[in-house]
Amino acid sequence: MTEIPNVDEQRRAEWLALYERMLLIRRSEERVGKAAQAGEMPGGVHLYIGQEASGVGACSVLEDTDFITSTHRGHGHFLAKGGDVKAMFAELWGKRTGICKGMGGSMHVADVSKGILGANGIVGGGIAIANGAGMGIKVGKEKAVSVCLFGDGAANQGVLMECLNMSMVWKFPVIWVLENNGLSEFTITDKVTAGEQTDRARAVGMPAVTVDGNDVIAVQEAMKEAVDRARAGEGPSFIECKTYRIRGHLEAEDAFLGGYSYRTQEEIDAWKTPDKDPILRFASRLLAEGGASQADLDEIEDRVSKQVEEAVEFALASEDADPELIFDITFADQRP
Ligand SMILES: Cc1ncc(C[n+]2csc(CCOP(=O)(O)OP(=O)(O)O)c2C)c(N)n1
């Protein structure tokens, strides 16, 4: 790395690591999108592009012993929490070397050794799982936290109020991280959601904040406070990250919608600009106040590109998943 005088070296290294993690998610998903659009990858994929700062900011203050639950848009969460990129690609391609032996695919990337309790095709499915993990931590008197990453569509599932209430009553160390991207599939959130999301948490007396979800440092700071509170035994917190989904709901969206459009191209383009896109924004900040040079960013770009291409090669060279496994992983001691 290039040496720049008079900079806080520790902060510089931390910020560069945040940048690299966001870029790894972006470049991985661009590659996944390419494969999915070309029909080279099995199954549907929902990309996280545009939301990287929320997941990376949230996971940046967590340890492997802390838990996260994720969504159908889970690749970014998986990588943000330290999931292995090769094992993720192999999973997406349905290979034996995949993180779930190729039996789960895009919507089920999980790695319990890293505290990643799994992506989930059931909207809102992670909410009660995160609450349960929080309960387990509390009962076991551990210092870990459980983080529920969920969307604004999921926030309209009744289970959220049940779990907000329960986590508050019993002071579970749960951090509720709502990634409000303003969309639920092809529906504009404002048309189906009343009131402020944070008021739902405040209704049960839970500390709640709204942050700019495209500002990785703002998310990280809110998370630090919430995690400190949870580890100190002071219970749950709610963080609403305002962000935007740049890609379609799923990669096959155009064919799915058959010409119908729920947003304009101008709206999408506005979120790709250097003052909105979480990665471009953070690159500017790194150069202006983080002590990074363009050479540092270029070096990261090279490293990430190589990592992604190696992951693709690894996945493509791996053997297909073993269909026989279905009997072992679906039912306990039950073979037809
Ligand atoms: C229980 C359930 N209902 C409906 C669906 C279909 N569905 C898939 S994604 C989605 C929208 C989710 O919106 P949000 O939680 O905001 O997440 P985002 O897609 O914006 O990341 C819906 C309704 C589903 N998968 N599961």
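A residue counts as buried here if 20 or more other C-beta atoms lie within 10 Å of its own. M168 has 20 such neighbours within 10 Å, so M168 is buried. The model behind this count is predicted.

M168 lies in helix α6. Contacts tie M168 to residues far along the chain. Leaving aside residues up to four places away in sequence, M168 touches V204, G205, M206, G235 and P236. A201 is 33 residues from M168 along the chain, and 9.2 Å separates their C-alpha atoms.

Now step back to the whole chain. The chain holds 14 helices and seven strands. Its radius of gyration is 20 Å, close to the 20 Å that the globule rule gives for 336 residues, so the chain is as compact as a globular protein of that length. Along the principal axes, the C-alpha atoms fill a box of roughly 70 × 50 × 45 Å. Buried residues make up 47% of the 336. Take the contacts between residues at least 6 apart in sequence: 75% of them join residues at least 24 apart.

Helix α6 leads into the sheet. Together, β2, α6 and β3 form a right-handed β-α-β unit. Strands β2 and β3 run parallel and are joined by six bridges. Within this pairing, F150 faces L178 of β3.

Strand β3 covers residues 174-180. How many of its residues are buried? Seven of seven are, and the strand is mostly covered. Its side chains split between two directions. V174, W176, L178 and N180 point one way, while I175, V177 and E179 point the other way. Both sets are buried.

On from β3, follow the bridges to β7. The two strands pair in the parallel sense over six bridges. V177 has I239 of β7 as its bridge partner. N180 stands opposite K242, also in β7.

Strand β7 spans residues 237-242. Five of its six residues are buried, so the strand is largely enclosed by the rest of the structure. β7 also pairs with β6, residues 208-212. These two strands run parallel, with five bridges between them. One of the pairs sets V211 against C241 in β7. What connects the strands in the β-α-β unit of β6 and β7? Helix α9, residues 216-231, completes that unit, which is right-handed.

Two loop residues deserve a look at their backbone angles. K141 sits in the loop between α5 (125-139) and β2 (146-151). Its phi is near 55 degrees, a positive value in a residue other than glycine. Is K141 buried or exposed? K141 counts as exposed, because it has 7 C-beta neighbours inside 10 Å.

K171 belongs to the loop between α6 (159-169) and β3. Here too phi is positive in a residue other than glycine, with a value near 50 degrees. The surroundings of K171 hold 15 other C-beta atoms within 10 Å, so K171 is partly exposed.

The ligand comes last. Which residues come nearest to the ligand? Of the 16 around it, they are V123, G151, G153, A154 and S184. The shell divides into four nonpolar, eight polar and four charged residues. One of the nearest, G151, falls in the range of β2, residues 146-151.

Conventions: Residues numbered from 1 in each chain as written. Predicted model: local features only at pLDDT ≥ 70, side-chain atom pairs only at ≥ 80, totals over all residues. Near = placed C-beta within 6 Å. Nonpolar A, V, L, I, M, F, W, Y, C, P; charged D, E, K, R; others polar. Buried ≥ 20, exposed ≤ 12 C-beta atoms within 10 Å, placed from the backbone. Helix = DSSP H or I, 4+ residues; strand = E, 2+ residues; numbered from the N terminus. Pairing = 2+ DSSP bridges. Right-handed = clockwise from strand over helix to strand, strands pointing away. Rg over C-alpha atoms; globule rule 2.2 N^0.38 Å. Contact = placed C-beta atoms within 7 Å.
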